[in-house]
Amino acid sequence: MKTVARYIFSVSVFTAILYLFDSNDVLITLADTDILNIIIAVLFSLAAQILISVRLHQLLRLQSIVLGLRKLVQIGLSAVFYGLILPGGNVAAFAVRLMQLSRVASIGSVASALLTDRLIATVTLIFIGAAAITIDQVVVRWIGFFVTGLMIITAVLLFRFRSSLLNVERFKGVSGGDDIGKLRRLSIRIHDSLAIYSTVDNRQGLAILSVSLLAHICGCIAYYVIAIGIGLDVSFVTVCWIRTGLILAVMIPVSVAGLGLREISAIGLFLPLGFSEAQAISYSVLILLGTAVIPGILGGLLELSIQKSVSKDA
């Protein structure tokens with residue numbers, strides 16, 4: 001019922017948006033889009049996926065899990081594909097990665113690597129968005145307070161996360177000994193695996209953070225190229241914090257592929273900048289197409305080829 005409700009929610013919200021705002025203007029804007037810009041955006045989106053796989057590859061190696069980068073790229077693209085058709089967006093993509101990677105390594109190690117990967121990705125996303133909005137909207141006083149508070153909260157969360165990694169033995173001590181259930185045993189394995197990241201040296205940590213920032217920059221370039229393609233007079237710095245807002249909005253697992261949430265967020269972010277609802281909706285649709293649908297289709301084709309090869313081997 002929850003799955004059906006999410007499909008209904010996504011379609012209903014998107015339909016309502018097109019009904020309330022002039023869908024003809026949206027279609028005209030989409031028709032005038034420069035196709036070359038969409039192709040360039042797709043290429044940068046794929047580059048971001050490769051860098052995301054590099055980041056995960058580094059985290060898995062710290063867990064002594066050796067897996068080829070090509071395989072991780074395939075898994076990442078297939079996760080994008082499943083994120084398009086399964087409700088939950090990032091949650092669904094996380095589940096797909098966990099399921100596929102747990103076939104070649106222990107679920108505890110894989111889960112800890114994926115959780116750390118998501119934490120790093122989110123923190124660097126917020127950092128880029130906060131830095132961009134501070135530079136772009138420095139004259140607005142409340143934004144300064146917002147950014148300061150956001151960075152303090154992020155620092156506190158990181159401190160608590162790192163501190164919790166150092167308390168594995170205490171965590172085990174309250175877990176009930178030999179009588180703990182399967183879920184708690186799995187929690188301990190994940191916690192043990194997470195503790196590995198507390199010993200990462202500064203050089204390794206900086207390398208992982210650098211790859212994460214570079215992946216987000218590629219994503220920002222993809223968003224910026226799409227904005228240029230539909231004629232939006234907006235700076236690259238503005239696009240960086242708009243992208244952060246859109247991604248954070250679609251992280252809420254109440255829709256399919258962020259449909260509906262992305263459009264509402266785009267309207268809320270673009271209208272104060274002087275753009276029309278049609279331009280905001282068109283931009284959000286092209287973002288979905290260039291950064292999710294086309295890479296997702298590629299991931300679906302790769303997944304299909306893998307399944308066919310497995311069937312032949314069987």
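Which residues line the second largest cavity? The legends below work up to that spot, starting from the whole chain. Please keep in mind that the model is predicted.

**Figure 1. The fold of the protein chain is built from helices, with 13 of them and zero strands.** Read from the N terminus on, the elements run α-α-α-α-α-α-α-α-α-α-α-α-α. The chain has 314 residues, and 44% of them count as buried. Among the contacts with a separation of 6 or more, 75% join residues that are 24 or more positions apart. On the outside, the accessible surface comes to about 16300 Å², and carbon and sulfur atoms hold 68% of that area.

**Figure 2. The largest cavity has a volume of about 840 Å³.** A search of the whole structure turns up two cavities of 30 Å³ or more, and this view is centred on the largest. Its lining takes in 36 residues, and those nearest the centre are Q49, V80, N90, I247 and T291. Several helices share the work here: α3 (35-62), α4 (69-85), α5 (90-101), α6 (107-136), α10 (202-229), α11 (236-250) and α13 each supply at least two lining residues. If you sort the lining of the largest cavity by class, you get 20 nonpolar, 11 polar and five charged residues.

**Figure 3. The second largest cavity holds about 30 Å³ of space.** Here is the reply to the opening question: Q49, I52, S53, L56, L72, G76 and R97 line this cavity. Two elements, α3 and α4, give two or more residues to its lining. Helix α3 has the largest share, with four residues. By class, the lining of the second largest cavity divides into three nonpolar residues, three polar ones and one charged. One residue to look for in both views is Q49: it is among the residues nearest the centre of the largest cavity, and it also belongs to the lining of the second largest.

**Figure 4. R55, D117 and R118 are linked in a network of salt bridges.** Side chains of opposite charge can pair when their charged atoms come close. In the whole structure, the search finds two salt bridges. One joins D117 to R55, with the closest N and O atoms 2.6 Å apart. D117 sits in helix α6 and R55 in helix α3, so this pair ties together parts that are 62 residues apart in sequence. Both of these partners are buried. The other bridge joins R118 to D117, and there the closest N and O atoms are 3.4 Å apart. How exposed or buried is R118? R118 counts as partly exposed because its relative accessibility is 26%. D117, on the other hand, counts as buried, since its relative accessibility is 3%.

**Figure 5. Helix α13 (residues 277-313) carries L298.** L298 is partly exposed, with a relative accessible area of 35%. Leaving aside residues up to four places away in sequence, L298 touches L46 and L77. For a sense of how the chain folds back here, follow L298 to V80: the two are 218 residues apart along the chain, yet their C-alpha atoms are separated by 9.2 Å. V80 may be familiar from Figure 2, as one of the residues nearest the centre of the largest cavity.

**Figure 6. Q74 has its place in helix α4.** Is Q74 buried or exposed? With a relative accessible area of 17%, Q74 is buried, because the cut-off for that class is under 20%. Q74 and S53 are 21 residues apart along the chain, and their C-alpha atoms are separated by 9.1 Å. S53 also appears in Figure 3, where it is one of the residues lining the second largest cavity.

**Figure 7. S64 is found in the loop between α3 and α4.** Its backbone is worth a second look: S64 has a positive phi of about 65° although it is not a glycine. S64 is exposed, with a relative accessible area of 66%, and that class begins over 50%.

Note on methods. Residues numbered from 1 in each chain as written. Predicted model: local features only at pLDDT ≥ 70, side-chain atom pairs only at ≥ 80, totals over all residues. Heavy atoms only, no water. Buried < 20%, exposed > 50% of the residue type's maximum accessible area, 1.4 Å probe, protein only. Contact = heavy atoms within 4.5 Å. Areas by Shrake-Rupley, 256 points an atom, 1.4 Å probe, with all protein chains shown as cover. 1 Å grid on protein atoms, 1.4 Å probe; cavity = no way out; pocket = protein on both sides within 12 Å on 5 of 7 lines; lining within 4 Å. Points joined across faces, edges and corners; volume = space filled by probe spheres on them. Nonpolar A, V, L, I, M, F, W, Y, C, P; charged D, E, K, R; others polar. Salt bridge = Lys/Arg side-chain N within 4 Å of Asp/Glu carboxyl O.
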